[in-house]
Amino acid sequence: MVSIFIIISLILIILISKIIKNKLTKTVVLLYATWTLIILTISSFNLYGENNVSLKIYILWVINITLVILATLLFSNKKDIIFKIDIQVLKKSKKLLIIAIFVFIIFNIFYLRYKNILSNLSIADIRTIRYEKLFNSGLEYILYSYITLPLFHLHLIITAILIANKEYKNGICILGIINLFLESMIGYGRMNIFKFALYILIAYLIIKKGRKENIKFKSIFLGILGITIFTFIGSAITLVRAQGIEFLSLTNIYEYGISEQIKQIIIYFTGGFRALEQLIQSNTVNINSLTLGRASLGGLDECLGSLMNFLGINFITINSTLGAYTQQIINIGDNIIFNAFYTCIMNYYY
């Protein structure tokens, strides 16, 4: 299995390198393909006693990667695009600073509420609180989801650009990092820390391209290494906090954060293949359960549902329908439980 992935990886990487003309697009697609194929390869080892994944699932994922590459070939610009980013305007922007402060205030309000709710529940509820008990009304959920979080991600992208330009001491940048950790403490999610790492890497590539500077392999390697360490430490701290440990020490970070996190990260990124395997093997997907595009366009369906429900019209979104299924706890290996992430293939499959 591993040898098959290595061969496929080499073929796809060579194709990307030879066919895609836009250098920036080529770099991003190479990163995507390489990262995904690494995850698939690691998955095939079943390092922590996870259930085996059939060849069919891996074939579906190779098809998915190939289609992403083909779509890029069809729709991306053939020539290089030069991005001009005025760093002086960004770092002195009062509007961005107001957005950063607004997000900081909102996150603090919900973090304090989250801590208060968690104090009356158990550690087992750290994730469910974020989605089931945090909001007092549907309107509050809509405002948080469609105003605060988009502003947060905008701020996070700007922060990544500032970091890529070594503007570490800028107030907007500092607030961005604080907001990132505040958001991660509301439910102890770590995905946004990972996204932030990707934002920094992509910002670095765009800036280098815009300045017509050569992108050195050594710089990319050191950048990825630094981002990985940052992500790892940040995630480790959230994991230690999730254990209910208030006092941080090197021993606690290593015991509860480092060793356990390596296992969690691998299961986090590879568990979805096992979940998808169970979904397909259970034969729950048939002509009567097809969503006819709603699952693939779930984001638009969610926006439509929020608007309809706000107007008093009952509209059951496809995300809530599928969510009732994916939220169920399943077993994907030796004492390994999992839920929620069935990979994007699930949406296309339905």
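**View 1. Asp301 and Arg294 share a salt bridge.**
Asp301 is buried, with a relative accessible area of 8%; buried here means under 20% relative accessible area, exposed means over 50%, and partly exposed is in between (1.4 Å probe, protein chains only). Its partner Arg294 counts as partly exposed at 33%. The closest N and O atoms of the two side chains are 2.9 Å apart. For a salt bridge, a side-chain nitrogen of Lys or Arg has to sit within 4 Å of a carboxyl oxygen of Asp or Glu. Side chains of opposite charge can pair when their charged atoms come close. A quick word on what you're looking at: this is a predicted model, where local features need pLDDT of at least 70, side-chain atom pairs count only at pLDDT 80 or more, and totals for chains, interfaces and linings use all residues. Residues are numbered from 1 along each chain as its sequence is written, and side-chain values use heavy atoms, with hydrogens and water left out.

**View 2. Glu167 and Lys91 meet through their side chains in a salt bridge.**
How many salt bridges does a search of the whole structure find? The search turns up 3. In the one between Glu167 and Lys91, the N to O distance is 3.4 Å. This pair links distant parts of the chain, 76 residues apart: Glu167 is in the loop between α7 (138–164) and α8 (171–185), while Lys91 is in helix α4 (residues 87–91). The helix and strand names come from DSSP runs numbered from the N terminus: helices are H or I with at least four residues, and strands are E with at least two. Lys91 is partly exposed, at 23% relative accessibility.

**View 3. Arg113 and Glu140 form a salt bridge.**
Here the closest N and O atoms are 2.6 Å apart. Arg113 lies in helix α5 (residues 94–119) and Glu140 lies in helix α7, so the pair ties together parts that are 27 residues apart in sequence.

**View 4. Trp35 and Phe269 pair up edge-to-face.**
Rings of Phe, Tyr and Trp (its six-membered ring) pair if their centres lie within 6.5 Å; planes under 30 degrees apart count as stacked, over 60 as edge-to-face and the rest as tilted. By that rule, the count is 12 aromatic pairs. For Trp35 and Phe269, the ring centres are 5.4 Å apart and the planes are at 90 degrees, so this pair is edge-to-face. Trp35 lies in helix α2 (residues 23–43) and Phe269 in helix α11, so the pair ties together parts that are 234 residues apart in sequence. Trp35 is partly exposed at 38% relative accessibility, and Phe269 is partly exposed too, at 23%.

**View 5. Phe110 and Tyr144 belong to one aromatic cluster.**
Their ring centres are 4.8 Å apart and the planes are at 65 degrees, so this pair is edge-to-face. Phe110 sits in helix α5 and Tyr144 in helix α7, 34 residues apart, so to speak of distant parts of the chain being linked is fair. Are Phe110 and Tyr144 buried or exposed? Phe110 counts as buried at 7% relative accessibility, and Tyr144 counts as buried at 2%. The cluster is made up of Phe107, Phe110, Phe135, Tyr141, Tyr144 and Phe152.

**View 6. Strands β1 and β2 pair in the antiparallel sense.**
Two strands pair if DSSP finds at least two bridges between them. Strand β1 (residues 330–333) and β2 pair over 3 bridges. Asn331 stands opposite Ile337 in β2. The hairpin has 2 residues between the strands, and Asn335 takes a positive phi near 55 degrees in this hairpin.

**View 7. Leu292 and Thr343 each have a positive phi.**
Leu292 is not a glycine, yet its phi is about 55 degrees. You'll find Leu292 in the loop between α11 (250–281) and α12 (298–310). At 79% relative accessibility, Leu292 counts as exposed. Thr343, also not a glycine, has a phi near 65 degrees. Thr343 is in the loop between β2 (336–338) and α14 (345–349).

**View 8. Helix α3 runs from residue 55 to residue 75.**
This helix has 21 residues and reaches 30 Å from its first C-alpha to its last, close to the 30 Å expected at 1.5 Å a residue. The expected span is 1.5 Å times one less than the number of residues. Among the buried residues of α3 are Ile57, Tyr58, Trp61 and Asn64.
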